[in-house]
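Visitor: I've got a model up on the screen and I'd like a guided look around. Could we go through it piece by piece?

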Amino acid sequence: MDHRRTPLFTALKEHAASNPVQFHIPGHKKGMGTDTEFREFIGDNALSIDLINIAPLDDLHQPTGVIEEAQKLAADAFGADYTYFSVQGTSGAIMTMILSMCSPGDKIIVPRNVHKSVMSAIIFSGAKPVFVSPARDENLGIDHGITTKSVQRALDRHPDAKAVLVINPTYFGVCADLKEIVDLAHSRHVPVLVDEAHGVLIHFHQDLPMSAMEAGADMAATSVHKLGGSMTQSSVLNLNTKNGFVNPQRVQTIISMLTTTSTSYILLASLDSSRRNLAINGHEMAQRTIDLAQNARRIINQIEGLYCFGDEILGGEATFDYDPTKLTIHVRHLGITGYETENWLREHYNLEVELSDMYNILCLVTPGDNEETVSTLLTALRELAATYYNVNTANELIVKIPEIPQLSLIPRDAFYGDTEVIPFKESAGRIIAEFIYVYPPGIPILLPGEVISQDNIDYIVDHVDVGLPVKGPEDRYINNVKVIVETNPIF
């Protein structure tokens, strides 16, 4: 296919150039009706293609023209049989995968460190999650992915599972052997869904981990906006129909149900143009990014008090491969938390990181970086280490993760059940009716339907006390929590 073409983006530019008289939404009408300061900042070009699904521009909900062409080009670029554009982010694509496979009461095998969108889809579908514990890195205090053996045990215990969901790569860039997991699940006639939010570049370079489509997975939700150059909230859902598990018409129906009818053509155009860039220049872009990141990793590991893992992490079942463009920087030996490090970098260098936790920060090196931006990061890290190393006492690495709580109710039943609000510190033994998770990356600690333990309470309170971003409950300060009402027995 001719990847120099951008059917949708080109059609939008041509339509704007024709300067039609518009009697349709959006009401700003090429910017004429928008706030003056906003218009001057955004620019007339962007506002001129902020359009709606009129006939010349096709319709994302039932594409037959330029959007269909753009999606076929994307499928070719990503090695998929079908590709659907998502203007609801990768969260919308993930929810589409699960809702396409699971009906009420169906089991789905998922890692415990899933994104909150997975649990949202489980609530919407009425499915029952079967949780698999991810492999924990005792040296870094982070979670990796689930292993082939853990998936096998889950399938042995739950042979009626309707799907297995895998994160590849994880937020920190680490991968298990995805092809081995896919082959195992398929041997049990179970489809594999992949959260590939942090893996768009892996499709375009042989030195990056294997992509979901290459591994033979059935569906994969991929964030083009995170690392591939498109605008925030634009992603793709890739389908592999060769194994017979996926009905593309069903998927189109589900993603349409979850998608606004006022689809953003600016987001869609950015997907179309980013696909062109990746298809033509993706290998070169990825190589430059890998080189920048690997050089930064080498220098970071020469700074006393800091550590950034690389090839040496490989060899375990959960650490089959890794994406070197993710810089996970371990700061425990500086005697400060990752959260304090994030704030220090912001205050002293106007530098923002992707996430922080108790012991680490995560910095993403992307095709948008260059020697100058990476040099700024390294300068900041050198000063950070000089400020704190051998001044503070190194924090002890305490891996304090409570066991996966007992699931007493299907999440949907708990979420919509009769509830009451009680003090969180007094909630041990009760069934929670809302989420509590750490975001980013959006990993759940407690989910609707699970029994709250004292370990859960202590763990969450510890995170809140050090200022880490614990979110989810209606009470943003987590003083109170919503639980299922306990009814008195009738004698």
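**A walk through the model**

Guide: Let's begin with Thr263, which is buried, at a relative accessible area of 2%. Keep in mind that this is a predicted model.

Visitor: Where does Thr263 lie?

Guide: Thr263 is a buried residue. Its contacts, leaving aside neighbours within four places in sequence, are Leu51, Leu60, His61, Val87 and Leu268. As for its place in the chain, Thr263 sits in the loop between α11 and α12.

Visitor: Is Asp272 buried or exposed?

Guide: Asp272 is found in helix α12. Buried means under 20% relative accessible area. Asp272 has 0% relative accessibility, so it counts as buried.

Visitor: Which backbone nitrogens does the side chain of Asp272 reach?

Guide: Leaving aside neighbours within four places in sequence, Asp272 is in contact with Thr6, Pro7, Leu8, Phe9 and Ala70. In two cases a backbone nitrogen is involved: one lies 2.9 Å from a polar atom of the Asp272 side chain, and the other is reached at 3.0 Å. They belong to Leu8 and Phe9.

Visitor: What is the strand order in the open sheet of 7 strands?

Guide: The pairing in this sheet is mixed. Its edge strands are β1 (82–86) and β3 (128–132), each pairing on one side only. The twist averages 20° from one strand to the next. Reading across, the order is β1-β10-β9-β8-β6-β2-β3.

Visitor: Which residue of β9 stands opposite Leu193?

Guide: Strand β8 covers residues 192–196 and strand β9 covers 219–222. The two pair in the parallel sense over 4 bridges. Opposite Leu193, in β9, stands Met219.

Visitor: What angle does the direction of helix α11 make with that of β1?

Guide: Two helices are worth a look here. Helix α6 (residues 116–125) lies across β2, β3 and β6, and runs at about 150° to β3. Helix α11 (residues 248–258) packs on the sheet too, touching β1, β9 and β10. The angle between the directions of α11 and β1 is about 0°.

Visitor: How many of the 13 residues of α5 are buried?

Guide: Helix α5 takes in residues 89–101 and reaches 19 Å from its first C-alpha to its last, close to the 18 Å expected. Its buried residues include Gly89, Ile94, Leu99 and Met101. The helix is mostly covered, and the count of buried residues is 12.

Visitor: Why are the buried residues of α14 on the same side of the helix?

Guide: Helix α14 (residues 371–388) has 18 residues, and those that are buried are Val374, Leu377, Leu378, Ala380, Leu381, Leu384 and Ala385. An α-helix has 3.6 residues a turn, so residues three or four places apart point the same way. The buried residues of α14 share a side because they cover an arc of only 160°.

Visitor: Which exposed residues does the face of α14 turned away from its buried side carry?

Guide: The buried residues of α14 have cover that includes α12 (265–300), β13 (326–330), α13 (338–349) and β15 (360–364). On the face turned away from them, the exposed residues are Glu371, Glu372 and Ala386.

Visitor: Which residue caps the N-terminal end of α14?

Guide: Look for a side-chain oxygen that lies 3.0 Å from the backbone nitrogen of Glu372. At the other end, α14 is followed by Asn390, whose phi is positive, near 65°. The N-terminal cap is Asn370.

Visitor: Which strands stand at the edges of the open sheet of 3 strands?

Guide: The order here is β18-β17-β19, with antiparallel pairing. Each edge strand has a single partner, so one side of each is left without a neighbour in the sheet; these are β18 (443–446) and β19 (470–471).

Visitor: What is the bridge partner of Val438 in β19?

Guide: Strand β17 (residues 436–438) runs antiparallel to β19, and 2 bridges join them. Helix α16 (residues 454–465) lies across β17, β18 and β19. The partner of Val438 is Val470.

Visitor: How many Å apart in space are Pro448 and Pro411, C-alpha to C-alpha?

Guide: Pro448 lies in the loop between β18 and α16 and counts as buried at 0% relative accessibility. The residues it touches include Ile123, Leu407, Pro411 and Phe435. Pro448 and Pro411 are 37 residues apart in sequence, yet in space their C-alpha separation is 4.9 Å.

Methods
Residues numbered from 1 in each chain as written. Predicted model: local features only at pLDDT ≥ 70, side-chain atom pairs only at ≥ 80, totals over all residues. Heavy atoms only, no water. Expected span 1.5 Å × (residues − 1). Buried < 20%, exposed > 50% of the residue type's maximum accessible area, 1.4 Å probe, protein only. Arc of directions from axis to C-beta. Contact = heavy atoms within 4.5 Å. Polar contact = N/O pair within 3.5 Å; in protein donor to acceptor, adjacent residues only side chain to side chain. Pairing = 2+ DSSP bridges. Axes fitted to C-alpha atoms, helices over the stretch in contact; angles between N-to-C directions.
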